Amino acid sequence: MPAPLKIVHLEDSPSDAALIWRVLKKSGLVFEALLVDTKEKFISALETFQPDLILADHSLPSFNSEEALEYYHASGTTTPFILVTAAMTDEYAVSMLKKGADDYILKDRPERLPMAIENALAKHLLEKERQNHLQELISNEHKYRSLIENGGDVVVILNQEFTPTYVSPSISHVLGYSEQEALLLNLQEIIHPQDVEVAMHTMQKCLSQPGVPMKGMDARLRHKNGSWRWAEATLTNMLHDPAIKGIVDNFRDITERKNAEDEIKQSEEQYRQLFNCSPLPKLIFDPQTFKILDANQAVVDHYGYTRLELLQMTFLDLLPEQEAVRTKATLHQLSSENGTLNYGAFENTTKNGTPLKVEISGHHLLYKQTNCLMVVCQDITEREKAEQALLQSNARYELVSKATSDAIWDWDLNTNDFYWSEGVEYLFGYNVKELNQSQRTWSSNVHPADLSQTRAHINAALKSEDTHWEAEYRFKKANGDYAFVSDRGFIIRDTQQNPVRMVGAMQDITKQKQLEKLLKEASVLARIGTFEVDMTTMDVFWSDITKEIHDVPQDFTPDVATGINFYKAGANREIIFNALEAAFQKGTPFDLELLITTATGKDRWVRIIGQTEIIDQKVTRFYGSIQDIDAMKKAELEMLEVYKEKNVILESIGDAFYALTKEWVVTYWNQQAEKLLGRSKEEMKGHNLWEKFPDVVGTPFYDYYQKAINEDKIQHFEAFYDKAQCWFSVTAYPSGSGLSVYFKDVTERKQKDLHLLELNENLHTYTEELIDANKGLEQFSYIVSHNLRAPVANIMGLVDLMDLPNNPQEAKDNLLNALKINIKRLDSVIIDLNTILTVKKDIAENKESINLTDLVVGITSSIQHLITQENVKISTDFSEHPEIVTVKSYLHSIFYNLILNSIKYRQPGLPPHIEIKSARVKDGMHLTFKDNGLGIDLVKKKDQLFGLYKRFHYHVEGKGLGLFMVKTQVEALGGKISVQSEVNQGVEFTILFKSNVSSKARTHEHAFHLHHS
């Protein structure tokens, strides 16, 4: 058996290490691993464990893989070093490989690790053999000198200052220098300037790592003839070897290989650029398996898959399922042909399922030494759509012409033919078939006052390079009336930009014009004027209403400065100045209410709204409206004074008050409301009440407020607000605008009322409990008198018989024996009564927390012989309520009697099974005792079930005291017991214990002691 591979594993996650080891074991690798997670442990492992392999995580908190690699090189260790890490960029991974790491594996791909280990070990073994061979060559210099001197490689030995001390003769046919010339060369002078830094860095690194070959250094060296030759060198620091005492530089000429690589790289790059930069989607795939081998960016863009996803697919995966079979056969047939192949049109699908129609052509090519097919997938979806659209365009145009209410027209400028759609009949009442189909028809119907200007607009558009034309004018209808129309046309030009056709649509805007007229009249009535400033010329326009508002004549010529000076000096003028400055410079709109002083000296309130028009980020036009709001503003100010007066009243009243809209938005909130509800006026005004008080939704406050709004009725109520811990007396007054709410704190009065109510309820409860106690006492008295009377009467009769004279001795003995039996019966009754009295009396015993599982274990231990004898199974489930605080002796007696009762009244031939369970309920806890015994006929026996000396099965010994005791003790603890049962179906007792012992239990206790002290 080979010795196990010794692995040092630098990792701070044992679970990650275990996963890696499991993968290695699964691959069949025999190894012995040592897990280390600090620098000290790593150094110690290298010295003592002497590993064959090092695995290292990259990102340990205190000692990462880069530091480990540096120490690995410094220590002279030559075993393979592999990174096994969770995340690492490609750039960093390359840098680590350059620093000496053999490979790197990501933790999410551990299956690569066994092969990486095998390759690294093989590589190190090969390198070790090579180094051994090189050492043999150097140590046996005389034996191998001829081999070195006549070989293709050049061997140079350098001293510590990198000056040559030996050069093999082969340098002459590599670089053209003789041995003597080469010994005089300065190393840095013959290395290409671009390669000096890398070469010197490698040499310095070689000095720091004796005996470690530094291979793979490529550099350009100057030939004696001045040309540059590529050399591949391996440096080995052998200064410590007395046989060499130098740095061995072994290099060979690789110029031809480099040139070939450059040519291949350039060729591949040219192909790659042509392939990737092509706007047409191109795919390369295996003609036998249809596996996609390469795809350009256009394929990625068209089909929506990433390049990685495409390389895991076949060409058939791009086809709908129903197309794949046919396509596969077609491609197989065509793939055998040579030259350019035209496959025709195929259905393709994108990643998201969108269908594509593609036209495929391709040719054979050699790709990575494999005969493949490169196909071009020309998307013809849009072309087919365009063709289809072209076929449908005339029909669609016809349908649009019929469907729209616009009068569509088509004017051939060369023939002057004019086509009207059916809309001309709908809008203007003309029969389109009878209408003269020439441009003269149009011109004869334009209002004479508008014809000249409209024609001029059309001619100007035709002479310019415009493609659109529009105008508004009056057009005559069939009934002779004129309609205002909005006419828009599109100008079609030939290749020389000459207009050849116009197509347009005419709309009837008569109603719109009438509305504009009404709007103008409304502006006059509402005293709304307009203004405009041309920001290029700074010319100012004021409408007639604007001039009226300023009390200036109609021929008044305004400017910006004059307009500003109309505003009342002080704050009003400063506000309008700042607003205009922001509008002119930044295009900021505004809407303000300010005071102006008119030309006649009147102070007048106006509302001014300003807007800007911006082109190329520059304000080109400023316009807006100004309205006379003097009367409205003065009324508003008067209302404000009234509102202030109302505020003073509402703030001074003793009640808290707030007002709401019908949308529950707070409009007023006085100081007393702030105090009682803990929210400031600023916090509440303008906000939705329920958003600020979400805890009130669903409470009486919410319900009464809703009722007040919905029914439009005043609501007065009292309710407790939990968050404030207060009782409020509330009156809600609905109105057309919302709700007004007055409320005050009545907690003190409410507490007194509640206390009185509680006293009344307690008195009522106490009375009911006394009645129950008296009923119990009456029953108890009856039972006591009944059960005591019989044995006492018997004893008295027997005593009288014993006093008779002349009784024979045998009769006397029988009478004495009967007397003893009745005395025992009397004693038994007295003992039972004493037990009952003890239950009634000991209720004051201290309560404690009782674990129900421990209680059942204790009881079953005490009757273990009976449980074993009868093969009893007791199942418990106290998971919901494992403990109870009560009188332990009572609870023990209850459990004991119910368990024993189930065992006594078992079914013959059926092992008893008792299930005991606790459960949480709203008022406290439930205890259930369920068995599979004989059961009870509750229809006949329900009223006698818990009676004293009541028995329902006489084949088992008993006195009928157990269930009486259970009920007595349960009620003494403030609980209730109920039963469910059917004959031969077992019994289920349910006991309810409330969270706290009720006053009823305490009343029972008190009443019992009063009657039995």
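**A colleague's note on the predicted model**

1. Let me start with Asn296, which is buried, at a relative accessible area of 1%. That value sits well inside the burial cut-off, because buried means under 20% relative accessible area. Asn296 belongs to the loop that links strand β12 (292-295) with helix α12 (297-303). Leaving aside residues up to four places away in sequence, the residues that Asn296 touches are Phe275, Asn276, Ser278, Leu280, Pro281 and Lys282.

2. Please keep in mind that this is a predicted model. The protein has a mean pLDDT of 81, with 81% of its residues at 70 or more. Confidence peaks in strand β32 (residues 873-877), at a mean of 95, and is lowest in helix α35 (residues 999-1012), where the mean is 32.

3. A word of caution on residues 997-1013: pLDDT stays under 50 there, although the model has 34 contacts beyond four places in sequence for this stretch. Where pLDDT is low, predicted coordinates should not be read in detail. I would present helix α35, with its mean of 32, in that light.

4. Now to a sheet that is pleasant to trace. It is open and has five strands, in the order β17-β16-β20-β19-β18, with antiparallel pairing. The edge positions go to β17 (418-420) and β18 (468-476); each has a single partner strand, so one side of each lacks a neighbour in the sheet. From one strand to the next, the twist averages 20 degrees.

5. Which residue of β17 is the bridge partner of Asp410? It is Tyr419. More broadly, β16 (residues 407-412) and β17 run antiparallel and are joined by three bridges.

6. The sheet also has a helix lying across it. Helix α18 (residues 448-463) crosses over β16, β18, β19 (482-493) and β20 (499-508), and runs at about 165 degrees to β18. That angle counts as roughly antiparallel, because it is over 145 degrees.

7. Finally, a helix pair worth viewing side by side. Helix α30 (residues 852-862) and helix α32 (residues 888-904) have axes that come within 10 Å and cross at roughly 55 degrees. This makes α30 oblique to α32, and the crossing is right-handed. From α30, Leu852, Leu855, Val856, Ile859 and Ser862 take part in the contact. They meet Leu891, His892, Phe895, Tyr896 and Ile899 of α32.

Note on methods. Residues numbered from 1 in each chain as written. Predicted model: local features only at pLDDT ≥ 70, side-chain atom pairs only at ≥ 80, totals over all residues. Heavy atoms only, no water. Pairing = 2+ DSSP bridges. Helix = DSSP H or I, 4+ residues; strand = E, 2+ residues; numbered from the N terminus. Axes fitted to C-alpha atoms, helices over the stretch in contact; angles between N-to-C directions. Contact = heavy atoms within 4.5 Å. Buried < 20%, exposed > 50% of the residue type's maximum accessible area, 1.4 Å probe, protein only. pLDDT = per-residue confidence, 0-100. Parallel < 35°, antiparallel > 145°, perpendicular 65-115°, else oblique. Left-handed = near helix turned anticlockwise from the far one by under 90°.
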